[in-house]
Amino acid sequence: MKKKVIIFSAPSGAGKSTIVGHLLKKFPFLEFSVSATSRKPRGEEIDGKHYYFFSTDQFESKIRNGEFVEYEEVYAGSYYGTLKSEVERIWDKGNIIIFDIDVKGGVNLKRLYGANAMAIFIQPPSIEELRNRLVGRGTDSAEAIERRVAKAAEELTYADKFDKIIVNDKLELALKEAEDIVEAFYED
Ligand code: 5GP
């Protein structure tokens, strides 16, 4: 049994979480990699389900102990990373890991797992549309939205480092495209 991973990266607001959530419901052989983060829980987020929440000190001590496959300071002062223990936990069950991770982390994991990884970049139709979606989501302040939009513009330049690009203009089409990619990769 090959140890396979599927990586989803995108500027925030591109619809990545919706697509990942859909695939997890559809394919029982996929399991979500719960990341560690030093940011505070938001809204209804549950520790151990959406993220493993740690203080900055705890996170930095795990970095020093070499407990991460990869980590990034995605936003100033907020670490996000994939724990080795999480990857092993999922592979031990024979499942394929699905990652929802920032673009730099995505590129790093693709480099690490090579042909056993399918790296997919979700692209928003435009920066303007991205801003509208973040406003509509209603979870971020105006300042945080502008920060995310600026970051998105830079993140878009990484798209060509991924195996596949899905432009999320019409959600239904993007979901179908994602399903087809997962099925082909599973059978491969
Ligand atoms: P949020 O704070 O909105 O939950 O996530 C912010 C960003 O961090 C998203 O782009 C998300 O994909 C990314 N992220 C989540 N987990 C990880 C991780 O384990 N490693 C890296 N490099 N990025 C992550």
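**Ligand site**

I started at tyrosine 51: one of its polar side-chain atoms lies 2.5 Å from an oxygen atom of the ligand. The model is a predicted one, and I read every distance below with that in mind. I then looked up tyrosine 80, where a polar side-chain atom is also listed at 2.5 Å from a ligand oxygen. For isoleucine 101 the contact comes from the backbone, a polar atom of which is 3.4 Å from an oxygen atom of the ligand. I checked how much of the ligand is covered: alone it exposes 510 Å², and the protein buries 94% of that area. I counted 17 residues around the ligand, the closest being Lys16, Ser35, Tyr51, Glu70 and Tyr80.

**Lysine 16 and its partner**

Lys16 was on that list, and I followed its side chain next. Lysine 16 forms a salt bridge with aspartate 100, at 2.8 Å from N to O. Where in the chain do the two partners sit? Lysine 16 belongs to helix α1 and aspartate 100 to strand β7, with their positions 84 residues apart, so I noted the pair as a link between distant parts of the chain. I looked up exposure for both ends. Lysine 16 is buried at 12% relative accessible area, while aspartate 100, at 22%, is partly exposed. The limit for buried is under 20%, so aspartate 100 falls outside that class.

**Other salt bridges**

I searched the whole structure and got 16 salt bridges. Two within helices went into the notebook.

In helix α7, I found the side chains of lysine 176 and aspartate 180 paired at 2.8 Å, N to O. The two are four residues apart, which puts about one helical turn between them. In an α-helix there are 3.6 residues a turn, so residues three or four places apart point the same way. Both ends are partly exposed, lysine 176 at 45% relative accessibility and aspartate 180 at 36%. I also recorded a network in which shared partners join Glu31, Glu86, Arg89 and Lys93 through salt bridges.

In helix α6 (residues 142-155), I found glutamate 155 and lysine 151 four residues apart, about one turn of the helix. Their salt bridge has its closest N and O atoms 4.0 Å apart. Glutamate 155 is buried, with 6% relative accessible area.

**Aspartate 140**

I located aspartate 140 in the loop between α5 (127-137) and α6. Is it buried or exposed? Aspartate 140 has 16% relative accessibility and counts as buried. I then asked which side chains meet its own. Threonine 139 makes a side-chain polar contact with aspartate 140 at 3.3 Å, and arginine 148 makes one at 3.4 Å. Beyond neighbours within four places in sequence, aspartate 140 is in contact with Arg42, Ile145 and Arg148.

**Nonpolar cores**

I turned to the largest nonpolar core, which has 22 residues. Those touching the most other members are Ile6, Phe8, Ile19, Leu23, Leu30, Ile120 and Ile122. At least two residues each come from β1 (5-9), α1 (16-26), β7 (96-100), β8 (117-123) and α7 (171-187). Helix α7 contributes the most, six residues.

I took leucine 23 as the example to inspect. With neighbours up to four places away set aside, leucine 23 contacts Phe8, Leu30, Ile98, Ala178, Glu179 and Val182. A separate core of 18 residues lies apart from this one, and its members include Ile97, Val103, Tyr113 and Ala117.

Glu179 appeared among the contacts of leucine 23, and I looked at that residue too. Glutamate 179 is in helix α7 and is buried, at 13% relative accessible area. With residues up to four places away in sequence not counted, glutamate 179 touches His22, Leu23, Lys26 and Phe27.

**Helix α4**

Last, I listed the buried residues of helix α4 (residues 103-113): Val103, Gly105, Gly106, Val107, Leu109, Lys110 and Tyr113. What do they pack against? I found β1, β5 (68-75), α3 (84-92), β7, β8 and α6. Glycine 114 follows α4, and its phi is positive, near 50°.

Definitions and conventions
Residues numbered from 1 in each chain as written. Predicted model: local features only at pLDDT ≥ 70, side-chain atom pairs only at ≥ 80, totals over all residues. Heavy atoms only, no water. Core = buried A, V, L, I, M, F, W, Y, C linked by side-chain atoms within 4.5 Å. Buried < 20%, exposed > 50% of the residue type's maximum accessible area, 1.4 Å probe, protein only. Contact = heavy atoms within 4.5 Å. Polar contact = N/O pair within 3.5 Å; in protein donor to acceptor, adjacent residues only side chain to side chain. Near = heavy atom within 4 Å. Areas by Shrake-Rupley, 256 points an atom, 1.4 Å probe, with all protein chains shown as cover.
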